[in-house]
Amino acid sequence: MSVNARTMSDDELFYGHKACPGCGGALVVRQALKVLGKDAVAALPAGCMSATGFNFPQLAFANNAMITPFAATASVLSGIEAGLRAQGIKPDGCTVVGFAGDGGTADIGLQALSGAIDRNDDVLYFCYDNEAYMNTGIQRSSETPFGASTTTTPAGPSHPGCVTGKKDLFAMVAAQGIPYAATASIGYPNDLLKKVEKARDIRGTRFIHVMAPCPVGWGFPSSDTIALGKGIVDCGLWYLAEYEDGRFTLNRDPGRFASVADHLRSQSRYRALTDADIVTIEAHRDQVWQRLRQRCSCESS
Amino acid sequence: MRRFISGNDAFAEGVRLARPHVISAYPITPQTTVVEALSSMVEDGRLQAEYLHVESEHSALSAAMGASATGARTFTATSSQGLLYMAECLTYVAGGRFPVVMMNANRALALPWNIYGDQRDSLALLDHGWIQLYVQDNQEALDAALMAFAIAEDSRVSLPFMVNLDGFALTHTYEPVDVPDQAAADEFLPPYVTANKFDFDHPVSLGYSAGPEFNRYYAHAHHRDMVAAESVIDEVEERFAARFGRRYPGLVEAYRCDDAETVLVTLGSIAGLVRDVVDELRAEGRPVGLLRIRYMRPFPAAAIAEALRGASAVGVLEKDISYGAEGTVFTNVLSALARRGSVPPVRDFIGGLGGDDITREQIRDAFAELERAAAGEQYVDPVMFLGGAA
Ligand SMILES: Cc1ncc(C[n+]2csc(CCOP(=O)(O)OP(=O)(O)O)c2C)c(N)n1
Ligand code: SF4
Ligand SMILES: [Mg+2]
């Protein structure tokens with residue numbers, strides 16, 4: 001049975017949290033837990049989801065959950081899994097699952113994540129990517145894209161914003177031979193749900209990198225989160241792919257991309273981009289896609 | 001069974017007897033042989049535990065926390081830079097009230113880089129909410145491993161426990177050690193039972209955040225239970241003595257302090273040599289004593305004040321220095337004396353840094369210095385580096 005937006009459970013496991021209206025990250029946690037069910041044990045490091053989900057006495061998880069040190073999502077997951085297994089008390093269908101931000105994954109938590117994959121611990125790791133350190137006030141992370149203004153890469157006379165591009169986590173975890181990895185976006189919920197369901201049923205380390213737009217940090221109306229999550233895929237600045245059994249699959253190849261300029265201009269973080277900057281971004285996108293297409297066999301187009 | 005083994009091996013035997021579910025550790029000299037010994041025990045089946053080959057100390061302790069949150073009995077070990085690398089996780093584990101047991105092999109801190117023993121590592125982290133015990137010999141190390149789980153996991157305590165062994169002086173030195181049998185250990189140490197864990201029937205959030213309006217409740221409960229650990233330590237030592245016939249003296253060990261005019265206070269393995277010197281000086285008719293602090297947290301302020309009641313001068317001999325101030329043990333001992341309301345002349349002898357020898361002669365000199373202080377000799381700076389200054 002396959003879960004999709006129509007058939008997914010009405011049971012809420014993440015609610016009553018303090019995330020901003022239109023928060024993409026909160027949708028990742030909520031939707032993933034609907035698929036994983038109430039026996040999921042969740043670990044969340046410092047970041048928006050723990051800051052908004054764990055405020056005593058307003059505790060937003062209906063399943064077992066805990067906060068971890070910022071760098072320690074994956075290692076806490078490994079410990080939880082080992083503890084349950086060593087005592088023989090892990091329920092059938094219990095997923096030990098982490099939800100960490102882009103900073104908590106691509107920057108400070110990368111070492112622990114790599115360690116868990118190396119040991120092939122039986123844990124599912126989500127990176128919800130809002131492309132900056134949002135909880136501390138929109139500072140740059142290594143997933144902040146070129147041209148985005150953040151509070152530590154402010155748009156100014158010398159630069160339109162961040163001058164570096166996104167770290168390729170998907171390729172990095174695949175290079176370690178992880179049993180399952182995927183990219184997804186909350187703008188494509190059925191694709192996301194399908195991947196969560198698949199990851200749930202695979203043993204060993206699984207990793208899903210989900211694009212999770214943030215109205216506050218990106219500068220768009222909170223009603224547009226899903227549209228942005230879809231738009232970023234349609235214009236080719238994000239992609240939906242899987243890595244399984246050593247093979248890459250591109251789940252969606254738009255063929256012709258929607259307008260990058262329209263997508264970027266809908267967010268105030270890109271306010272300082274010139275037309276020339278946009279041409280640079282498009283050229284870089286094309287390079288990324290060339291690499292992706294070489295790496296992946298296409299599932300659809 | 002009596003065996004001739006190192007401090008690390010003795011500790012590993014104690015951990016084996018405690019039957020932890022999860023061990024998560026990262027190697028660093030001089031801790032390495034304890035995790036090597038545990039790895040072989042897991043490999044050959046003498047110990048049934050999950051051994052997590054983590055990629056750093058930060059992960060070692062955070063994985064231990066995750067395991068403890070499932071109700072598992074959990075062990076880790078480290079030293080020096082590794083302990084500092086864990087520092088962030090120390091407060092998570094303590095604040096989350098997870099009774100993880102750790103062995104720390106006391107070692108100097110870089111720079112200058114140095115692998116030898118002193119106590120700057122653990123003393124720098126005194127305020128991170130862990131119970132801290134300093135042992136004196138290998139038998140005490142093994143016994144402490146067993147007792148640490150009993151004390152940490154007691155529901156009145158629920159706090160992580162750091163057992164400190166002097167690097168090399170204990171970790172790599174061989175002594176005859178009595179290794180209890182498993183049945184006796186099982187009788188002594190009950191399984192870990194706690195409400196502070198994940199529950200699949202009634203799911204919980206663990207280690208959440210608590211704002212200004214609630215934070216002090218957690219801090220106060222942490223402090224209260226750390227203080228309460230004092231009586232639990234006594235109870236557990238009593239049970240241990242009844243079961244194994246070895247009696248430990250509680251949070252401090254006073255040796256010939258009753259009628260002593262000068263007392264040297266210290267921690268760890270150097271207490272053995274100080275004890276010898278006390279006997280020598282006593283034979284010469286000089287009324288000296290030794291106070292060995294076993295637990296730095298909970299801090300036995302009342303027991304220290306009581307043991308030093310009759311002393312006209314008190315010295316602290318310690319392997320650490322809080323730069324620009326004084327030794328951390330000295331600060332704590334002065335606080336115990338000040339709470340009592342009277343502070344005799346005091347001296348702080350800093351020695352053994354980076355594995356430097358503390359000699360019999362230096363200890364004799366320290367007592368001579370205390371005798372001059374007791375006689376009223378003035379001093380400018382109570383902090384003295386043994387062996388002379390730079
Ligand atoms: C060791 C440590 N360093 C820094 C911080 C401060 N901090 C808390 S959350 C955060 C940013 C989190 O960014 P990300 O992982 O992308 O999650 P987001 O807030 O965007 O959801 C930072 C820097 C911390 N809590 N711990
Ligand atoms: S700042 Fe962004 S990521 Fe954080 S809670 Fe608000 S919308 Fe979500
Ligand atoms: Mg982020």
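**Exercises on a ligand site and on chain B**

Ligand 1 lies between chains A and B. The model is predicted.

**Exercise 1.** Describe the shell of residues around ligand 1.

*Solution.*
Step 1. Start with the residues that come nearest: out of 17 around ligand 1, these are Gly103(A), Gly104(A), Tyr128(A), Met134(A) and Asn135(A).
Step 2. Sort the shell by residue class. Eight of its residues are nonpolar, seven are polar and two are charged.
Step 3. Ask which element gives the most to this shell. Helix H4 of chain A, residues 102-107, does so with three residues.

**Exercise 2.** Find backbone atoms of chain A that lie within polar-contact distance of oxygen atoms of ligand 1, and state how much of the ligand the protein buries.

*Solution.*
Step 1. The cut-off for a polar contact is 3.5 Å between N or O atoms.
Step 2. A polar backbone atom of Cys48(A) is 3.0 Å from an oxygen atom of ligand 1.
Step 3. For Ala132(A), a backbone N or O atom also lies 3.0 Å from a ligand oxygen.
Step 4. At Met134(A), the distance from a polar backbone atom to an oxygen of ligand 1 is 2.9 Å.
Step 5. Ligand 1 taken alone exposes 580 Å², and the protein buries 77% of that area.

**Exercise 3.** Decide how the compactness of chain B stands against the globule rule.

*Solution.*
Step 1. List the secondary structure: chain B has 13 helices and 16 strands.
Step 2. The radius of gyration of chain B is 21 Å, and the globule rule gives 21 Å for 390 residues, so chain B is as compact as a globular protein of that length.
Step 3. Add the dimensions. Along the principal axes, the C-alpha atoms of chain B fill a box of roughly 70 × 55 × 45 Å.
Step 4. Turn to burial and surface. Of the 390 residues of chain B, 61% count as buried. The chain exposes about 14,800 Å², with 53% supplied by carbon and sulfur atoms.
Step 5. Consider contacts in chain B between residues at least 6 apart in sequence: 81% of them join residues at least 24 apart.

**Exercise 4.** Is Asn106(B) buried or exposed, and which side chains does its own side chain meet in polar contacts?

*Solution.*
Step 1. Place the residue: Asn106(B) lies in strand S5 of chain B, residues 101-106.
Step 2. Buried means under 20% relative accessible area. Asn106(B) has 1% relative accessibility and therefore counts as buried.
Step 3. Its side chain makes a polar contact of 2.9 Å with the side chain of Ser122(B). Another polar contact, of 3.5 Å, joins the side chains of Asn106(B) and Asn164(B).
Step 4. Beyond its neighbours within four places in sequence, Asn106(B) is in contact with residues including Gly117(B), Asp118(B), Tyr134(B), Leu165(B) and Gly167(B).

Definitions and conventions: Residues are numbered from 1 along each chain as its sequence is written. Chains are lettered from A and ligands numbered from 1 in the order in which they are written. This is a predicted model: local features need pLDDT of at least 70, side-chain atom pairs count only at pLDDT 80 or more; totals for chains, interfaces and linings use all residues. Side-chain values use heavy atoms; hydrogens and water are left out. A residue is near a molecule or strand if one of its heavy atoms lies within 4 Å of it. A polar contact is a pair of N or O atoms within 3.5 Å; within protein, one must be able to donate a hydrogen and the other to accept it, and residues adjacent in sequence count only if both atoms are side-chain atoms. Accessible areas come from the Shrake-Rupley method with a 1.4 Å probe; for residues, only the protein chains shown count as cover. Helices (H or I, at least four residues) and strands (E, at least two) are DSSP runs, numbered from the N terminus. Ala, Val, Leu, Ile, Met, Phe, Trp, Tyr, Cys and Pro count as nonpolar, Asp, Glu, Lys and Arg as charged, and the others, Gly among them, as polar. The radius of gyration is taken over C-alpha atoms; the globule rule is 2.2 Å times the number of residues to the power 0.38. Buried means under 20% relative accessible area, exposed over 50%, partly exposed in between (1.4 Å probe, protein chains only). Contact means heavy atoms within 4.5 Å.
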